[in-house]
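Here's a quick briefing to read alongside the model. Grab your viewer and follow along, topic by topic.

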Amino acid sequence: GDVSRMLSSRPPPPPPPPPSSRTLGANRQGDKLLDRSRACPMLIRTFVKKGAHNRSEDYSTRGQNPEGEEHLHVWMNSTLRELSELIKQVQPAARERTSRLSFAIVYPDKRGLLTLKEVGSTRSIQRGPDDDKTLAELHFQAGDYLDVAILSAA
């Protein structure tokens, strides 16, 4: 009686807002909408080097990784532009007007050897074709490393 009457007298909750890929905090990941306010970010061990990428061999000895490690907390729908902005916060060379960041994913190949594959680049002050590529689109997987070269266009 009384409980069902109380429940039915409440107005229905408002409908959720329509999904928008332009909204920060919500972005497409595959066919599912990833809500960053609810989804836990993952930690990516990122190795930043000025002038060039590290070599695959630099990752070959377990526990002896290259210098310049940064920890980024991101989502699979994070874009290379967003990663660039995070790196700029901790790497002054990345903030230079002429700098370009080249991104590579370090992952184990079929034999278990770590392989480095370049996947895109961003420019410090100019938009480019790779800016909106997401980690998911680049086939990044949890446990992979990110290797970032800070290059100067000068």
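Gln126 sits in the loop that runs between β6 and β7. Bear in mind that this is a predicted model. Let's start with that loop residue, then go on to the sheet, a residue in one of its strands, and a pocket.

**Gln126 in its loop**
- Is Gln126 buried, partly exposed or exposed? With a relative accessibility of 48%, Gln126 falls in the partly exposed class, because that class ends at 50% and anything over this would be exposed.
- Setting aside residues within four places in sequence, Gln126 makes contact with Arg81 and Asp131.
- Arg100 is 26 residues away from Gln126 along the chain, yet their C-alpha atoms are 9.5 Å apart.

**The sheet**
- Arg100 also turns up in the strand pairing: its bridge partner is Arg123, in β6.
- β5 and β6 run antiparallel to each other and share nine bridges.
- Zooming out, there are five strands in this open sheet, ordered β4-β3-β7-β5-β6, with mixed pairing.
- Why do β4 and β6 each have one side without a neighbour in the sheet? Both β4 (69-74) and β6 (114-123) are edge strands with a single partner strand, so there's nothing next to them in the sheet on the other side.
- On average, neighbouring strands in this sheet are turned 30 degrees against each other, if you ignore direction.
- Helix α2, residues 80-90, packs on the sheet and touches β3 (42-50), β4, β5, β6 and β7 (145-152).
- The direction of α2 makes an angle of about 135 degrees with that of β4.

**Thr46, inside β3**
- Thr46 belongs to strand β3.
- Its relative accessible area is 0%, so Thr46 counts as buried, the cut-off being under 20%.
- What does Thr46 touch, leaving out residues up to four places away in sequence? The list is Gly68, Glu69, Glu70, Leu72, Ile87, Leu146 and Val148.

**The second largest pocket**
- This pocket's volume comes to about 270 Å³.
- Its lining has 18 residues, and those nearest the centre are Tyr59, Ser60, Arg62, Leu114 and Tyr145.
- Which strand gives the largest share of the lining? That's β5 (residues 99-108), which supplies three residues.
- By type, the lining splits into seven nonpolar, seven polar and four charged residues.

Key:
Residues numbered from 1 in each chain as written. Predicted model: local features only at pLDDT ≥ 70, side-chain atom pairs only at ≥ 80, totals over all residues. Heavy atoms only, no water. 1 Å grid on protein atoms, 1.4 Å probe; cavity = no way out; pocket = protein on both sides within 12 Å on 5 of 7 lines; lining within 4 Å. Points joined across faces, edges and corners; volume = space filled by probe spheres on them. Helix = DSSP H or I, 4+ residues; strand = E, 2+ residues; numbered from the N terminus. Nonpolar A, V, L, I, M, F, W, Y, C, P; charged D, E, K, R; others polar. Pairing = 2+ DSSP bridges. Axes fitted to C-alpha atoms, helices over the stretch in contact; angles between N-to-C directions. Contact = heavy atoms within 4.5 Å. Buried < 20%, exposed > 50% of the residue type's maximum accessible area, 1.4 Å probe, protein only.
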